Amino acid sequence: MSVPSSDSRVHSRNSTLRKVVEGVSQPIWLVSDTRRLSDIQWFREAYGAMTQTVRVVASEQSRQQRGWEFTPGVDDAESECGLDNFGAFDWVLENHGDERRLEEQLENLVAFVQSRRPCRVPGAADVWSPTPAEGPADA
């Protein structure tokens, strides 16, 4: 079996992403589970500053309390940890087991997304809502 080079895998993923959004007009896209830097790079190149990245983190202890066990060859693969050193996420949500804290973080994120939602004006194209004074870095 032949293993595609890293460049050909990136090209293939980029082609797939391009096909998914081709001809579709959405005011907001929520893309869950991007796992590689090339995915984020594609969205940033395609959508620029409109792209917001969200990382959900949890301590190993809280993950183990939920039944997670480290599996070598799976949990240390690029698909699982390829973004661990990315560091430039717009939003980082902490899911360490404090439901109230998680809910507060999610409320901030939802409010931000709603603030960016286009307003419908009869007979006009989408008009973007004003940007709030506080951005995601303040959340």
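A salt bridge here is a side-chain nitrogen of Lys or Arg within 4 Å of a carboxyl oxygen of Asp or Glu. Keep that cut-off handy for the exercises below, and bear in mind that the model is predicted.

**Exercise 1. Work out how the chain is laid out, from its elements to its contacts.**

Step 1: count the elements. The chain has five helices and four strands.

Step 2: put them in order. Starting at the N terminus, the run reads α-α-β-α-α-β-α-β-β.

Step 3: check the burial. The chain has 139 residues, and 20% of them count as buried.

Step 4: look at the surface. About 10,200 Å² is exposed, with carbon and sulfur atoms supplying 50% of that area.

Step 5: see how far the contacts reach. Take the contacts with a separation of 6 or more: 60% of them involve residues 24 or more positions apart.

**Exercise 2. Show that Asp33 and Arg35 pass the salt-bridge test, then describe the surroundings of Asp33.**

Step 1: apply the cut-off. The N to O distance between the two side chains is 3.0 Å, and the limit is 4 Å, so the pair of Asp33 and Arg35 qualifies as a salt bridge.

Step 2: place the acid. Asp33 sits in the loop between α1 and α2.

Step 3: compare the accessibilities with the classes. Asp33 comes out at 52% relative accessibility, so Asp33 counts as exposed, because the exposed class starts over 50%. Arg35, at 26%, is partly exposed.

Step 4: look at the backbone. Most residues other than glycine have a negative phi. Asp33 has a phi near 70°, a positive value, and is not a glycine.

Step 5: widen the view. Shared partners join Asp33, Arg35 and Glu80 into one network of salt bridges.

**Exercise 3. Which parts of the chain do the salt bridges Glu78–Arg36 and Asp90–Arg44 tie together?**

Step 1: recall the principle. Side chains of opposite charge can pair when their charged atoms come close.

Step 2: take the pair with Glu78. Its closest N and O atoms, shared with Arg36, are 3.6 Å apart. Glu78 belongs to helix α4 and Arg36 to the loop between α1 and α2, so this bridge ties together parts 42 residues apart in sequence. Glu78 is partly exposed, with a relative accessible area of 42%.

Step 3: take the pair with Asp90. Asp90 and Arg44 form a salt bridge whose closest N and O atoms are 3.8 Å apart. Asp90 is in the loop between α4 and β2, while Arg44 is in helix α2, so the parts joined here are 46 residues apart in sequence. Both ends are partly exposed: Asp90 at 24% and Arg44 at 30%.

Step 4: set the pairs in context. The structure holds seven salt bridges.

**Exercise 4. Describe the largest pocket: its volume, its lining and the residues nearest its centre.**

Step 1: start with the volume, which is about 1,600 Å³.

Step 2: go to the lining. It has 47 residues, and those nearest the centre of the pocket are Val31, Thr34, Thr53, Val54 and Arg55.

Step 3: assign elements. Those supplying at least two lining residues each include α2, β1, α3, α4 and α5.

Step 4: sort by chemistry. The lining divides into 23 nonpolar, 12 polar and 12 charged residues.

Step 5: zoom in on Thr53. Thr53 lies in the loop between α2 and β1 and is buried, at 7% relative accessibility. Leaving out residues up to four places away in sequence, Thr53 touches Ile40, Arg44, Phe86, Ala88, Phe89, Asp90 and Trp91. Two of these names, Arg44 and Asp90, are the salt-bridge partners from the previous exercise.

**Exercise 5. Is Leu93 buried or exposed, and what does Leu93 touch?**

Step 1: locate Leu93, which is in strand β2.

Step 2: classify Leu93. Its relative accessibility is 5%, so Leu93 is buried, as that class covers values under 20%.

Step 3: list the contacts. Not counting residues up to four places away in sequence, Leu93 touches Val54, Arg55, Val56, Val57, Gln105, Leu106 and Leu109.

Step 4: add a backbone distance. The C-alpha atoms of Leu93 and Ala58 are 8.7 Å apart, with their positions 35 residues apart along the chain.

Note on methods: Residues numbered from 1 in each chain as written. Predicted model: local features only at pLDDT ≥ 70, side-chain atom pairs only at ≥ 80, totals over all residues. Heavy atoms only, no water. 1 Å grid on protein atoms, 1.4 Å probe; cavity = no way out; pocket = protein on both sides within 12 Å on 5 of 7 lines; lining within 4 Å. Points joined across faces, edges and corners; volume = space filled by probe spheres on them. Nonpolar A, V, L, I, M, F, W, Y, C, P; charged D, E, K, R; others polar. Buried < 20%, exposed > 50% of the residue type's maximum accessible area, 1.4 Å probe, protein only. Contact = heavy atoms within 4.5 Å. Areas by Shrake-Rupley, 256 points an atom, 1.4 Å probe, with all protein chains shown as cover.
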